[in-house]
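Got the sequence and the 3D view open? Let's work through a few exercises together, one step at a time.

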Amino acid sequence: MTTTVRGVVSPAKGSPVEIADVLVPDPGPGEALVRVQACGVCHTDLHYREGGINDDFPFLLGHEAAGVVEAVGDGVDEIGPGDFVVLNWRAVCGRCRACRRGRPWYCFNTHNAAQRMTLEDGTPLSPALGIGAFAEKTLVHAGQCTKVDPAAKPEVAGLLGCGVMAGLGAAMNTGSVGRGDAVAVLGCGGVGCAAVAGARLAGATRIIGVDIDDRKLRWARELGATDTVNSTETDAVEAIRSLTGGFGADVVIDAVGRPETYQQAFYARDLAGTAVLVGVPTPDMRLELPLLDVFGRGGALKSSWYGDCLPSRDFPMLIDLYLQGRLPLDAFVTETIGLEDVEEAFAAMSRGEVLRSVVLL
């Protein structure tokens, strides 16, 4: 059996998205059917639309989502109908070399649903990050569903499915920000502001937000930045050093992902400090650093994948912190929209007008 739902489809590279009827199969072994309640509009969805991920068009976009499980397939016992879940794209396998070494947040063999959702004519759809949640219902692997407290609003909970988790985790997991640390964040969009919030939650006493847009710097202050730097007016590295006694920050997070911002992150660290790359570069980008500086400055250069999160560990904990009033996830929701507004949400995101537009279904 299949269910017909409305979904946002990217038909071809660079083409505007379309609302289409999507056929969603009943869940098979290890799968779950989820009624989507909210899904954030993420830069990754735009990358899919622009062909920046792969060419497996048409795509069913959307992946930063929360909803309610409607049905599960054989062999699924950790979730069931009625459970409120956040969808994730790291359904750990438990068997790969990373999982066997006790590092499941690096899982190299994550699960997706085996069955394909299709258009009405049978054309198979490629779900964004294995999720495809710009739709009234979606089919995922059961391991992509993480139960959280249903007291959380769907439009807030779903943010942990991608961008906000990436930023929080870049600070708390990858960067291991600790009490009393000085942290700098380059790029204060959704991911960067989440890194600011994560640094604050972890106990950093100085948090420096850097951007070229004063509006984004204002968002960073609202989410915990103690200082902000507009790098069109001031050299970012010198400003960070000046704000940290001339030494540099203990942790610098590059939420932009360009060679020039990574160089800034590298040199804005204190000696033996940590640089974390969480902004996603494009395949053509190249980095050049004097090897002597890499040796002489010491410390750690890290990349953060999905905030090095383990959804089963991190999502429930972060939702609990939100419900306690300790993590201001509501501040990330700039607007709520309908499925028909996704194309305009992409434009607003590109103009830097929003932290997150969230589709409500």
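To count as a salt bridge here, a side-chain nitrogen of Lys or Arg must lie within 4 Å of a carboxyl oxygen of Asp or Glu. Keep in mind that this is a predicted model.

**Exercise 1: charged pairs**

Find out how many salt bridges a search of the whole structure gives, then look at the one between glutamate 70 and lysine 137.

Step 1. Start with the idea behind the search: side chains of opposite charge can pair when their charged atoms come close. The search of the whole structure turns up 14 salt bridges.

Step 2. Now zoom in on glutamate 70 and lysine 137, whose closest N and O atoms are 2.9 Å apart. Glutamate 70 belongs to strand β5 (residues 64-72) and lysine 137 to strand β9 (residues 137-141), so this pair ties together parts that are 67 residues apart in sequence.

Step 3. Are the two partners buried, partly exposed or exposed? Buried means under 20% relative accessible area, and exposed means over 50%. Glutamate 70 has 32%, so it is partly exposed. Lysine 137 has 18%, so it is buried.

Step 4. Try the pair of aspartate 314 and arginine 313, with 2.7 Å between the closest N and O atoms. Aspartate 314 is buried at 3% relative accessibility, while arginine 313 is partly exposed at 38%.

Step 5. Next up, arginine 351 and glutamate 353 meet in a salt bridge, at 2.7 Å from N to O. Arginine 351 is partly exposed, with a relative accessible area of 42%, and glutamate 353 is partly exposed too, with 33%. As for networks, salt bridges with shared partners join Arg35, Glu70 and Lys137 into one.

**Exercise 2: a sheet**

Work out the order of the 5 strands in the open sheet and say which strands sit at its edges.

Step 1. Walk across the sheet and you read β7-β2-β1-β4-β8, with mixed pairing.

Step 2. The edge strands are β7 (118-119) and β8 (126-127), since each of them pairs on one side only.

Step 3. Pick one pairing inside the sheet: β1 (residues 2-10) and β4 (residues 59-60) are antiparallel over 2 bridges. For a spot to click on, take serine 10, whose bridge partner in β4 is phenylalanine 59.

**Exercise 3: two pockets**

Describe the largest pocket and the second largest pocket, using their volumes and their linings.

Step 1. How do you find empty space at all? Rolling a probe the size of a water molecule over the atoms shows where empty space is left.

Step 2. The largest pocket holds about 1500 Å³ of space. Its lining has 50 residues, and those closest to the centre are His43, Ala255, Val256, Gly279 and Val280.

Step 3. Which elements give two or more residues to this lining? They are α1 (43-49), α4 (163-174), α5 (190-202), β12 (206-211), α8 (259-267) and α11 (342-350). Helix α1 gives the most, with 4 residues.

Step 4. Sort the lining of the largest pocket by class and you get 25 nonpolar, 19 polar and 6 charged residues.

Step 5. Over to the second largest pocket, with about 470 Å³ of space. Here 20 residues form the lining, and Glu78, Val92, Ala142, Gly143 and Cys145 are the closest to the centre. Two or more lining residues come from β10 (145-147) and from α10 (311-323). By class, the lining of this second largest pocket splits into 9 nonpolar, 7 polar and 4 charged.

**Exercise 4: backbone oddities**

Locate the cis peptide bond next to proline 58, then check phi at serine 176 and tyrosine 306.

Step 1. Here's the background: most residues other than glycine have a negative phi, and most peptide bonds are trans.

Step 2. The cis bond joins phenylalanine 57 and proline 58, with omega at about -5°. Proline 58 is in the loop between α1 and β4.

Step 3. Serine 176 has a positive phi, near 50°. You'll find serine 176 in the loop between α4 and β11 (182-186), and it is partly exposed, with a relative accessible area of 46%.

Step 4. Tyrosine 306 also isn't a glycine, yet its phi is positive, at about 60°. Its place is the loop between β16 (300-303) and α10, and at 3% relative accessibility tyrosine 306 counts as buried.

Notes. Residues numbered from 1 in each chain as written. Predicted model: local features only at pLDDT ≥ 70, side-chain atom pairs only at ≥ 80, totals over all residues. Heavy atoms only, no water. Pairing = 2+ DSSP bridges. Buried < 20%, exposed > 50% of the residue type's maximum accessible area, 1.4 Å probe, protein only. 1 Å grid on protein atoms, 1.4 Å probe; cavity = no way out; pocket = protein on both sides within 12 Å on 5 of 7 lines; lining within 4 Å. Points joined across faces, edges and corners; volume = space filled by probe spheres on them. Nonpolar A, V, L, I, M, F, W, Y, C, P; charged D, E, K, R; others polar.
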